[in-house]
Amino acid sequence: MRTLVGVNDQQAVKRWAAATAVAINKNSYFGKRMVGEGREARTPIQQINDLQEGAGDEVTLDLLMPSNAEPIVKDQTLDGKETPLKYYVDRMRIDQMRTGVDMGSRMTKKRTLRNIRQDAKRVATDWWKRAMDELYFIYLSGSRGTGGGMVWSADNEMFTVNALTAPDTMHQMYGGAATSKASLAVTDVMNLRLIDRVKAKAETMGGDGTDELSMLPLDIEGEDHYVCLMHTFQADALRKDTGAAQWIDIQKAAAASEGRNNPLFKGGLGMYNNVILHSHRNVIRFSDYGAGANIAAARALFLGSQAAFVAYGDNESGTRMKWTEVQKDHENSVAIGVAAIVGVKKATYKSKDGSVTRDFGVVALDTALVDPT
């Protein structure tokens, strides 16, 4: 005889929920490279765990202002001259996000429930890693863009949980000689000069008494780094700009770095000016740039620390993911659902006068997008 673990068996449900969560984290592009747990993580995306152990659907995020106090010297008294801690407060909400797999009657007749669970886990893992990666791209970019092939539509209800925030002028730059969306020409593609420009901007931003926040670099093995995450076609343009010899030097720089074993270096294109270069097909794209609103463009992301947040809520099973099984058609088939309570948000703060919402750890780099074929 053969013992089968039945539909909605509690042990099985919890085990498959936990296994799915681990698989998603290991396979997600962002999850395995750029997400760090806790408020002190010096990674592009911070995972906030405050809501995983209890009720609540909102987490408060504090961005600490630098002190600009004048030094107290000689025998001057310090009493009464201490500088209070100043914070910018950001808030993020979480809500339910789900997907489901209906295995159909033919499958249930020919396979055991355990195999159906394995198939459902594979399908759900692939879907969740794709959905979460796209969500990070959308929130970091402040736009869904106009490119196709994404599971998220521009009017999905998820974007009412935490609203998308377009880049402010301090945190947006353009390729070539362009200074705006309308002025972008087809020749204003990704190049090394743009990376030099944005690196210089990031290193001098804030901390000057203006109440604008400095962009914090990533701390990798004691070295300061940033990440430039560009579209595959932008990476192709960058290679053309460098030439073969310089591109080899860019690859060697990453291989020789003290932090080369850090996940952020894994799968990277190389390193230039202490900026780790990455490419991905899901970088947000547009089709309406230029004076005639007909130039294809992409929004590369220049990332420092704490560019965005992700938070998960508590599930009844005690795991991040919730796994459910439902018999259908008089027990002729089984449908499996996988859900999480989750929220993603770009880190933002209000300008000193309160009139502008500014990004904190990301600069948008908009360039023309040329298909290399």
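In this predicted model, a polar atom of the Asn191 side chain lies 3.3 Å from the backbone nitrogen of Arg193. Asn191 itself sits in the loop that runs between strand 6 (172-174) and helix 5 (192-203). Looking beyond residues up to four places away in sequence, Asn191 also touches Leu238 and Asp241.

A second place worth a visit is the loop between strand 3 (58-64) and strand 4 (87-93), where Leu85 is found. Leu85 has a relative accessible area of 62%; because exposed means over 50%, Leu85 counts as exposed. Together with Tyr87 and Val89, Leu85 forms a nonpolar patch on the surface, and the accessible area of these three residues together is about 320 Å².

Lys74 is placed in the loop between strand 3 and strand 4 as well. With a relative accessibility of 84%, Lys74 is exposed. The backbone of Lys74 also deserves a look: its phi is positive, about 50°, although Lys74 is not a glycine. For context, most residues other than glycine have a negative phi.

Asn274 offers another case of a positive phi in a residue other than glycine, with a value near 65°. Asn274 belongs to the loop between strand 9 (270-272) and strand 10 (275-279). How exposed is Asn274? The relative accessible area of Asn274 is 37%, and since partly exposed covers values between 20% and 50%, Asn274 is described as partly exposed.

Methods
Residues numbered from 1 in each chain as written. Predicted model: local features only at pLDDT ≥ 70, side-chain atom pairs only at ≥ 80, totals over all residues. Heavy atoms only, no water. Helix = DSSP H or I, 4+ residues; strand = E, 2+ residues; numbered from the N terminus. Polar contact = N/O pair within 3.5 Å; in protein donor to acceptor, adjacent residues only side chain to side chain. Contact = heavy atoms within 4.5 Å. Patch = residues over 30% accessible without salt bridge, like charges linked within 9 Å, V, L, I, M, F, W, Y side chains within 5 Å. Areas by Shrake-Rupley, 256 points an atom, 1.4 Å probe, with all protein chains shown as cover. Salt bridge = Lys/Arg side-chain N within 4 Å of Asp/Glu carboxyl O. Buried < 20%, exposed > 50% of the residue type's maximum accessible area, 1.4 Å probe, protein only.
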